[in-house]
Amino acid sequence: MQWTVDDVKAWLLWTLRQYNLPMISMEYFALDGVALSSLCEEEFQRRAPQCGCTLFAQLEIWKAACQELESRLDMTEASRWSSPGTSASNDASTSNNCASSSGDASDDEEEEGDPTPPPTAGGKVATRGGSHIHLWQFLKELLASPQLHGSCIRWLERTKGVFKIEDSVRVARLWGKRKNRPAMNYDKLSRSIRQYYKKGIMKKTERSQRLVYQFCHPYCM
């Protein structure tokens, strides 16, 4: 992660405000992005005892999102160079397809779009607002706060990315509230989760169990 010390500070302050976390001593996190990424969860807890686990989990989500964005950009660039002379027509076709399909997504479909970008230099964090979040990010957000949401969703095997939804009604209600969709229910939410099997974000567990899911690498980090 190519963050400066100021970028790291900006991300920390934004995360603390976003999730109503207690203030921490910034001097313990006077690090650049590479150094911050190298810290383990125990080190986060040592430097920020009250909210280190949450900060670590949120950083892992950002890292996975950045990797996904870089992967998409690489694939787009490779696609352009693989078909010389056709990029203009492809761009026009893509534009037309987007225009014709805008607004057609149903309430239960996962919105497409780039992952949340990292904070920019100068202390400003590029964010798309509370409702513009992917479902996989939202689930990891809940998992990162077991003291608040442990009764409705919890890790079974954290290192493998396996988790269980204990209260499907509550999780769906929280997701609907975040996305401003009062009609959200678990049937709709589970359809979005199944779409992740095709995208390589989640996969079926080795033993099929009800309401048990597994993140793929690097989303399980």
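**A pocket between two domains, its salt bridges and a sheet**

In this predicted model, 15 residues line the largest pocket, and those nearest its centre are Tyr19, Glu141, Leu148, His149 and Arg178. Three elements give two or more residues each to this lining: helix H6 (135-143), helix H7 (146-149) and helix H8 (168-179). The volume of the largest pocket is about 350 Å³. Sorted by class, its lining has 6 nonpolar, 6 polar and 3 charged residues. Domain 1 (5-73) and domain 2 (135-215) both contribute residues to the lining, so the largest pocket lies between them.

Two of the residues nearest the centre of the pocket, Glu141 and Arg178, also form a salt bridge with each other, in which the closest N and O atoms are 2.5 Å apart. Because arginine 178 belongs to helix H8 and glutamate 141 to helix H6, the pair ties together parts that are 37 residues apart in sequence. The two partners fall into separate accessibility classes. Glutamate 141 has a relative accessibility of 10% and therefore counts as buried. The value for arginine 178 is 23%, so arginine 178 counts as partly exposed. The cut-off that matters here is 20%, since buried means under 20% relative accessible area.

The structure holds 5 salt bridges. Another of them joins the side chains of arginine 47 and glutamate 43, with an N to O distance of 2.7 Å. Both of these residues lie in helix H3 (residues 41-47), and because they are 4 residues apart, about one helical turn separates them. Arginine 47 and glutamate 43 are both buried.

A further salt bridge is formed by lysine 160 and glutamate 157, whose closest N and O atoms are 3.6 Å apart. Lysine 160, at 45% relative accessibility, counts as partly exposed. Glutamate 157 counts as partly exposed as well, because its relative accessibility is 37%. Elsewhere, salt bridges with shared partners connect Glu43, Arg46 and Arg47 in one network.

The sheet comes next. Strands of a sheet pair through backbone hydrogen bonds, and the pairing can be parallel or antiparallel. Here 4 strands make up an open sheet, the order is E1-E2-E4-E3, and the pairing is antiparallel. Strand E1 (153-157) and strand E3 (202-203) are the edge strands, each pairing on one side only. Glutamate 157, the salt-bridge partner of lysine 160, falls within the range of edge strand E1 (153-157). At the other edge, E3 is joined by 2 bridges to strand E4 (residues 212-215), and these two strands run antiparallel. Methionine 202 has phenylalanine 215 in E4 as its bridge partner.

One residue outside the helices and strands completes the tour. Glutamate 27 sits in the loop between helix H1 (5-18) and helix H2 (33-37). Its relative accessibility is 62%, which means that glutamate 27 counts as exposed; the cut-off for that class is over 50%. Lysine 9 is 18 residues away from glutamate 27 along the chain, and the C-alpha atoms of the two are separated by 9.6 Å. Lysine 9 itself falls within the range of helix H1 (5-18), one of the two helices that flank the loop.

Note on methods. Residues are numbered from 1 along each chain as its sequence is written. This is a predicted model: local features need pLDDT of at least 70, side-chain atom pairs count only at pLDDT 80 or more; totals for chains, interfaces and linings use all residues. Side-chain values use heavy atoms; hydrogens and water are left out. Two strands pair if DSSP finds at least two bridges between them. On a 1 Å grid over the protein atoms alone, a cavity is a set of points where a 1.4 Å probe fits but cannot get out, and a pocket is an open set with protein on both sides within 12 Å along at least five of seven lines; lining residues have an atom within 4 Å of a point. Grid points are joined across faces, edges and corners, and a volume is the space filled by probe spheres set on the points. Ala, Val, Leu, Ile, Met, Phe, Trp, Tyr, Cys and Pro count as nonpolar, Asp, Glu, Lys and Arg as charged, and the others, Gly among them, as polar. Domain bounds come from an automatic or database domain assignment. Buried means under 20% relative accessible area, exposed over 50%, partly exposed in between (1.4 Å probe, protein chains only). A salt bridge is a side-chain nitrogen of Lys or Arg within 4 Å of a carboxyl oxygen of Asp or Glu.
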